[in-house]
Amino acid sequence: MSNLSSLSREQLLALKKQLTEQYDACRAQGLQLNMARGKPGREQLDLSTPLLTCVSSAEACISEDGTDCRNYGGLDGLPGMKRLFADLLEVRPENVMVGGNSSLNLMYDTIARAMLYGVLGGTPWSRLERVKFLCPVPGYDRHFTVCESLGIEMVPVEMREDGPDMATVKDLAKHDPAVKGIWCVPKYSNPEGKTYSDAVVDAFAALRPAAADFRIFWDNAYCVHHIRDEHDELKNILDACAAQGRPDMVYLFTSTSKITFPGAGVAAMAASETNIADIRRHLSAQTIGPDKLNQLRHLRFFKDRAGVEAHMKKHQAILAPKFAAVQEILQAELGGLDIAEWTHPHGGYFISFNAPDGCAARIVQLCREAGVVTTPAGATYPYGRDPRDRNIRIAPSVPPLSELRTAISLFTLCVKLAAVEKLGTRKPVLA
């Protein structure tokens with residue numbers, strides 16, 4: 001198929017008729033396929049089933065330091081689990097707190113504490129006239145939901161190939177004391193799969209925000225989620241901030257949610273010892289301790305970082321063919337048409353797809369009406385508003401490979417149909 005922009009209106013109308021017939025035939029199949037969210041598929045979940053029997057007797061409930069994990073205590077996690085997360089995040093165990101099952105919960109609680117109590121003795125954010133967060137876009141919709149639910153104003157910042165536009169971040173943070181933080185998914189970002197460069201990490205560490213309580217929310221959710229043998233490397237942000245004399249400026253988060261069982265994994269955060277002490281003080285009023293039995297199960301299952309990495313190679317063997325299939329079909333169906341671009345990540349859970357301006361919502365609608373559910377158009381932007389209506393997050397992980405191929409083939413058909421509809425309205429009929 002030729003570059004679509006080179007076609008006359010008559011040619012576009014003829015192509016639209018052909019594509020519509022193909023689309024109607026697909027819709028008649030009654031498909032029910034879902035690639036809306038980046039969840040592990042069943043085959044991936046099966047990898048962690050042995051974890052459920054790692055603690056199966058009273059004697060097995062005692063951790064290596066003598067803690068009876070069936071009882072209260074251990075506010076910031078088992079020592080062994082702190083060491084494991086410290087290895088994954090490349091920090092020291094004393095910089096780590098291990099919580100419950102969700103890193104998103106830890107992030108929400110961290111912002112909620114700032115709203116209620118302030119940061120390190122500062123003014124509670126809820127008493128301020130305005131609170132703003134910088135949001136690299138396209139980005140993670142759950143981050144945006146946290147801000148929206150707490151009344152925090154979101155300011156979009158463009159993502160570049162090596163991370164956020166740091167000139168804009170620096171300017172906004174430096175000149176506006178209402179800017180209290182920034183969301184970051186620094187490795188295999190959601191949804192583009194980009195990893196921040198060393199220069200970007202150093203630029204973050206060198207920030208001098210107007211707000212003394214400005215915090216970088218470093219959501220390193222995909223730190224070990226490789227889908228190629230070639231791994232991206234991420235510079236240590238906590239060390240970089242400490243080298244600049246600003247160790248308190250960053251909070252790091254991660255979890256085992258997509259490593260073992262989403263909703264039944266273990267989450268952790270890391271920060272400076274000053275930040276950790278402040279968080280512990282408030283946390284002691286909230287809980288007597290997390291689920292140590294679940295932490296112990298995970299610790300026994302993995303043992304150490306090498307165990308995590310061996311487990312993630314099994315995930316890679318399942319996910320890599322799915323990502324490859326998506327890339328293959330996108331290129332075969334859309335390559336050379338000049339109507340789309342998409343990312344080629346080395347890890348993470350998503351492919352970011354850019355359609356022609358003004359077409360994303362229409363593509364999602366066409367897919368849904370034909371039985372394929374995708375992430376909503378606009379979800380990767382604050383307030384669900386993509387100013388160009390072009391970005392769609394593709395999540396290949398859940399469908400079995402055969403169903404994924406069907407879903408992506410239909411997706412590309414919908415892209416072509418929406419693009420032809422858009423182009424056809426712009427071109428005059430030739431005399």
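Domain bounds here come from an automatic or database domain assignment. On that basis, the protein splits into domain 1 (2-43 + 307-423) and domain 2 (61-302). Keep in mind that this is a predicted model. Below is a quick tour of how the two domains sit together, how some of the helices pack, how the strands line up, and a few spots in the loops.

**The two domains**

- Domain 1 is built from two stretches, 2-43 and 307-423, while domain 2 is the single stretch 61-302.
- Their C-alpha centres are 31 Å apart.
- Where the domains touch, 30 residues of domain 1 are in contact with 35 residues of domain 2.

**Helix H13 and its partners**

- Let's start with helix H11 (residues 305-334) and helix H13 (residues 401-424): their axes come within 10 Å and cross at roughly 30 degrees. An angle under 35 degrees counts as roughly parallel, so H11 is roughly parallel to H13.
- That H11 and H13 crossing is right-handed.
- On the H11 side, the residues that meet H13 include Pro 321, Ala 325, Ile 329 and Leu 330. On the H13 side, they include Leu 401, Ile 408, Phe 411 and Val 415.
- Sorted by class, the residues of the contact of H11 with H13 come out as eleven nonpolar, two polar and five charged.
- H13 also packs with helix H1 (residues 9-27); here the axes come within 9 Å and cross at roughly 150 degrees. Anything over 145 degrees counts as roughly antiparallel, so H1 is roughly antiparallel to H13.
- H1 passes H13 in a left-handed crossing.
- Among the H1 residues in this contact are Leu 12, Leu 15, Leu 19 and Tyr 23, and among those from H13 are Leu 410, Leu 413, Leu 417 and Val 420.
- The class count for H1 with H13 is eleven nonpolar, three polar and four charged residues.
- Lys 416 of H13 appears in the contact with H11 and also in the contact with H1.

**Helices H3 and H10**

- Helix H3 (residues 79-89) and helix H10 (residues 292-302) have axes 9 Å apart and pack at an angle of about 60 degrees, which means H3 is oblique to H10.
- Their crossing is left-handed.
- Gly 80, Met 81 and Leu 84 come from H3, and they meet Gln 295, His 298, Leu 299 and Phe 302 of H10.
- This contact holds four nonpolar, three polar and no charged residues.

**The sheet**

- Eight strands make up an open sheet with mixed pairing, and they run in the order S2-S9-S8-S7-S6-S3-S4-S5.
- At the edges you'll find strand S2 (96-98) and strand S5 (163-164), each pairing on one side only.
- S5 pairs with strand S4 (residues 153-160) in the antiparallel sense, over two bridges.
- One bridge partner to look up is Pro 164 in S5, which goes with Met 159.

**Spots to check in the loops**

- Pro 138 sits in the loop between strand S3 (132-137) and helix H5 (141-149). The peptide bond leading into it from Val 137 is cis, with omega near -5 degrees.
- Another cis peptide bond joins Asn 190 and Pro 191, with omega about 10 degrees. Pro 191 belongs to the loop between strand S6 (179-184) and helix H7 (198-205).
- Tyr 188 is in the loop between S6 and H7 too. Its phi is positive, about 50 degrees, although Tyr 188 is not a glycine.

Definitions and conventions. Residues numbered from 1 in each chain as written. Predicted model: local features only at pLDDT ≥ 70, side-chain atom pairs only at ≥ 80, totals over all residues. Heavy atoms only, no water. Axes fitted to C-alpha atoms, helices over the stretch in contact; angles between N-to-C directions. Helix = DSSP H or I, 4+ residues; strand = E, 2+ residues; numbered from the N terminus. Parallel < 35°, antiparallel > 145°, perpendicular 65-115°, else oblique. Left-handed = near helix turned anticlockwise from the far one by under 90°. Contact = heavy atoms within 4.5 Å. Nonpolar A, V, L, I, M, F, W, Y, C, P; charged D, E, K, R; others polar. Pairing = 2+ DSSP bridges.
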